[in-house]
Amino acid sequence: MYIKSEGDRKPRAAPPEPTRRRLSIILTAADMEPAPTAEQSAEKSLWIFGYGSLVWKPDFQFTSSKVGFIQGYSRKFWQGDTFHRGNERMPGRVVTLQEDYDCCTWGIAYEVCGEQIELSLQYLNVRESVLGGYATKIVNFYPQDEGPSGTIMALVYIATPQNPSYLGPASEEDIAAQIIVSSGCSGHNIEYLLRLADFMRFFCPEAEDKHLFQIEEALIAILPCFYSPDDPLAVLC
């Protein structure tokens, strides 16, 4: 049965200014620009669902993209990261999916066609499977505002408790504290959290993600202790 996810809820309010204004990292149209391809309709295609950094930085060529959600999973900051957003001494926290029948996870599905399929999977197998310890599944993806008739089968990468970087549950306050002190090859862990919160707020404001927004609120409450009066964004460097 098709269930519209939490669509009747009121839009999530942004944290108070000026803190939010100093920290917000807004997604732009350029971040979502698909790569052009020839004879797209005649090519085989694959849809790939992203729910973490893929929503703003897919880093592979794609034909089209759709905002939407999958059911039966909740997004959790339970995966450790010792490369992209942390290191061996201070692992960062990134998201994975937890099976949860009553929940859903919003993100973006990318359509890859022809040669894009092999190239994108090669890239993701390094970015997710090798470095992050992710498994793959095929799930039903429901594009935003298209109803059940628009359902798409999509590939998704999920970190499991069996991989060595998996950290598991923690309180939102403890996760926020870990994010504040973590940074890796792709940047500060704070950037990862704020970009994901911005995606939810600006692309699917009718949806809710309590875990994500409670971590964001806990982080903003802690951040004043880390500010430099001369450079309020120094913590992101």
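The following dialogue examines how terms are applied to one predicted model.

Tutor: This is a predicted model, in which local features need pLDDT of at least 70, side-chain atom pairs count only at pLDDT 80 or more, and totals for chains, interfaces and linings use all residues. Residues are numbered from 1 along each chain as its sequence is written, and side-chain values use heavy atoms, with hydrogens and water left out.

Student: Why is Arg 85 called buried?

Tutor: A residue is buried under 20% relative accessible area, exposed over 50%, and partly exposed in between, with a 1.4 Å probe and protein chains only. Arg 85 has 5% relative accessibility, so it counts as buried.

Student: Where is Arg 85 found?

Tutor: Arg 85 is in the loop between strand E2 (64-81) and E3. Helices (H or I, at least four residues) and strands (E, at least two) are DSSP runs, numbered from the N terminus.

Student: What makes the approach of Arg 85 to the backbone oxygen of His 188 a polar contact?

Tutor: A polar contact is a pair of N or O atoms within 3.5 Å; within protein, one must be able to donate a hydrogen and the other to accept it, and residues adjacent in sequence count only if both atoms are side-chain atoms. The side chain of Arg 85 reaches the backbone oxygen of His 188 at 2.9 Å. A polar atom of the same side chain lies 3.4 Å from the backbone oxygen of Ser 186. Both pairs therefore satisfy the limit of 3.5 Å.

Student: Which residues does Arg 85 touch?

Tutor: Contact means heavy atoms within 4.5 Å. Leaving aside residues up to four places away in sequence, Arg 85 touches several residues, among them Trp 56, Ser 182, Glu 191 and Tyr 192.

Student: How do you know that Glu 191 and Arg 195 form a salt bridge?

Tutor: A salt bridge is a side-chain nitrogen of Lys or Arg within 4 Å of a carboxyl oxygen of Asp or Glu. The closest N and O atoms of Glu 191 and Arg 195 are 3.1 Å apart, so the pair qualifies. Both residues lie in helix H4, four residues apart, about one turn of the helix. Arg 195 is buried, because its relative accessible area is 14%. A network of salt bridges links Arg 85, Glu 191 and Arg 195.

Student: What makes Lys 66 and Glu 146 a salt bridge?

Tutor: Their side chains meet at 2.9 Å, N to O, which is therefore within the limit of 4 Å. The pair links distant parts of the chain, 80 residues apart: Lys 66 is in strand E2, and Glu 146 is in the loop between E4 and E5. The whole structure has eight salt bridges.

Student: Why are Lys 66 and Glu 146 called partly exposed?

Tutor: The relative accessible area is 25% for Lys 66 and 34% for Glu 146. Both values therefore fall between the limits for buried and exposed. Gln 61, in the loop between E1 and E2, has a relative accessible area of 52%, so it counts as exposed.

Student: How do you know that the buried residues of H3 are on the same side?

Tutor: The buried residues of helix H3 (residues 172-180) are Glu 172, Ile 175, Ala 176, Ile 179 and Ile 180. They cover an arc of only 135 degrees around the axis, taken from the directions from the helix axis to the C-beta atoms, so they are on the same side of H3. These buried residues pack against E2, E3, strand E7 (187-188), helix H4 (189-203) and helix H5 (210-222).

Student: What makes strand E5 largely enclosed?

Tutor: Seven of the eight residues of E5 (residues 152-159) are buried, so the rest of the structure largely encloses this strand.

Student: How do you know that E5 pairs with strand E1 and strand E4?

Tutor: Two strands pair if DSSP finds at least two bridges between them. E1 (residues 45-50) and E5 run parallel and are joined by two bridges, whereas E4 (residues 134-143) and E5 are antiparallel, with eight bridges. Both cases therefore meet the definition. Leu 155 in E5 stands opposite Ile 48 and opposite Ile 138.

Student: What makes a group of residues a nonpolar core?

Tutor: A nonpolar core is a set of buried Ala, Val, Leu, Ile, Met, Phe, Trp, Tyr and Cys residues joined through side-chain atoms within 4.5 Å. The largest one here has 57 residues, and those with the most contacts inside it include Phe 60, Trp 106 and Ile 179. Strand E3 (residues 92-113) contributes the largest share, nine residues.
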